[in-house]
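Please open the model in your viewer and keep the sequence panel beside it, since this tour moves from one selection to the next. Each stop names something to select and then says what is there.

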Amino acid sequence: SMVRVEEDESVTEAEYTHEDLVDLASDPDIAKHKNKIKEVEIAEIWLETSNVTVTGVKASGKLSFTSSSGTIILAEYQGLSIVDGGKLEIIPDAAALDQIEDTLLSNGEATIHYTVVLDGAPVAFDLKARYHVIATVGI
């Protein structure tokens, strides 16, 4: 889902939180075979920014999810430039990535929480988290 981030003139650093449900059944091709999924891989995670009102703003933050063992930090990032039409690639922690892939395989879904901390001029922009998920089906 997309969220509109707006930082007013009186704020020089602001934190925004949002969450996304990654649901394998939301893809019709995967939903048809959801009982036959043998492996789930998250090949890529990125944040898309659009309709940016000011350049030169940097973002830091983290992505996390909740598992049966508590909150797991999937990735942390610093100093990413917020630009119009930007694609901010997120490099996940390998062990945490394995855990969320196991959660997706077991539950068919996982909720990812992301936090964005802005540092710079007042700005507004649209932010969308994207996930490239590959599900392998057994025959």
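Among contacts in the protein chain between residues at least 6 apart in sequence, what percentage join residues at least 24 apart? The share is 75%, a value computed, like every other on this tour, from a model that is predicted.

**The whole chain**

Begin with the protein chain in a cartoon view, where the secondary structure comes to two helices and eight strands. Followed from the N terminus, the elements run in the order β-β-α-β-β-β-β-α-β-β. If you then switch to a surface view, the accessible surface comes to about 7,800 Å², and 46% of that area belongs to carbon and sulfur atoms. Of the 139 residues in the protein chain, 37% are buried.

**The largest pocket**

With the surface still shown, turn to the largest pocket, which holds about 330 Å³ of space. There are 14 residues in its lining, and those closest to the pocket centre are V22, D23, S26, Y131 and V133, which make a convenient selection. Two elements, β2 (residues 13–23) and β8, each give two or more residues to this lining. Strand β8 provides the largest share of the lining, with five residues.

**Strand β8 and its partners**

Next select A129, which is found in strand β8, residues 124–137. Is A129 buried or exposed? A129 counts as buried because its relative accessibility is 6%, below the 20% cut-off. Once its neighbours within four places in sequence are set aside, A129 is in contact with D20, W46, L47 and Y114. Of these partners, W46 is worth adding to the selection, for A129 and W46 stand 83 residues apart in sequence while their C-alpha atoms are 6.0 Å apart in space.

Now move to A43, which lies in strand β3. A43 is partly exposed because its relative accessible area of 42% falls between the cut-offs of 20% and 50%. Leaving out residues within four places in sequence, A43 is in contact with H132 and I134. If you also label V133, you can check another pairing, in which A43 and V133 are 90 residues apart in sequence and 5.9 Å apart from C-alpha to C-alpha. V133 has appeared before on this tour, as one of the residues closest to the centre of the largest pocket.

**A charge over a ring**

Keep W46 in view and add K87, which is found in strand β6, residues 86–90. Where does K87 lie relative to W46? K87 lies over the face of W46, at 4.6 Å from the ring centre. Apart from neighbours within four places in sequence, K87 is in contact with E44, W46 and L47, and both W46 and L47 are also among the contacts of A129. For a further distance, select I45 as well: I45 and K87 are 42 residues apart along the chain, with 9.9 Å between their C-alpha atoms. If you search the model for aromatic pairs, where ring centres must lie within 6.5 Å, the count comes to zero.

**From β7 to β4**

The next selection is T115, placed in strand β7, residues 109–119. T115 is buried, because its relative accessible area is 14% and the cut-off is 20%. Beyond its neighbours within four places in sequence, T115 is in contact with E15, Y16, T17, S60, G61, K62 and Y77.

From that list, carry on to G61, which is found in strand β4, residues 58–67. G61 also counts as buried, at 16% relative accessibility. Not counting residues up to four places away in sequence, G61 touches A75, E76, Y77 and T115, and Y77 is likewise one of the contacts of T115. Adding Q78 gives one more distance to check, since the C-alpha atoms of G61 and Q78 are separated by 6.5 Å and the two residues are 17 apart along the chain.

**A last stop in a loop**

Finally, select N51, which lies in the loop between β3 (residues 37–50) and β4. N51 is partly exposed, with a relative accessible area of 47%. What is the phi of N51? Its phi is near 50°, a positive value in a residue other than glycine. Most residues other than glycine have a negative phi.

Notes. Residues are numbered from 1 along each chain as its sequence is written. This is a predicted model: local features need pLDDT of at least 70, side-chain atom pairs count only at pLDDT 80 or more; totals for chains, interfaces and linings use all residues. Side-chain values use heavy atoms; hydrogens and water are left out. Helices (H or I, at least four residues) and strands (E, at least two) are DSSP runs, numbered from the N terminus. Buried means under 20% relative accessible area, exposed over 50%, partly exposed in between (1.4 Å probe, protein chains only). Contact means heavy atoms within 4.5 Å. Accessible areas come from the Shrake-Rupley method with a 1.4 Å probe; for residues, only the protein chains shown count as cover. Rings of Phe, Tyr and Trp (its six-membered ring) pair if their centres lie within 6.5 Å; planes under 30 degrees apart count as stacked, over 60 as edge-to-face and the rest as tilted. A charge sits over a ring if NZ of Lys or CZ of Arg is within 6 Å of the ring centre and within 35 degrees of the ring normal. On a 1 Å grid over the protein atoms alone, a cavity is a set of points where a 1.4 Å probe fits but cannot get out, and a pocket is an open set with protein on both sides within 12 Å along at least five of seven lines; lining residues have an atom within 4 Å of a point. Grid points are joined across faces, edges and corners, and a volume is the space filled by probe spheres set on the points.
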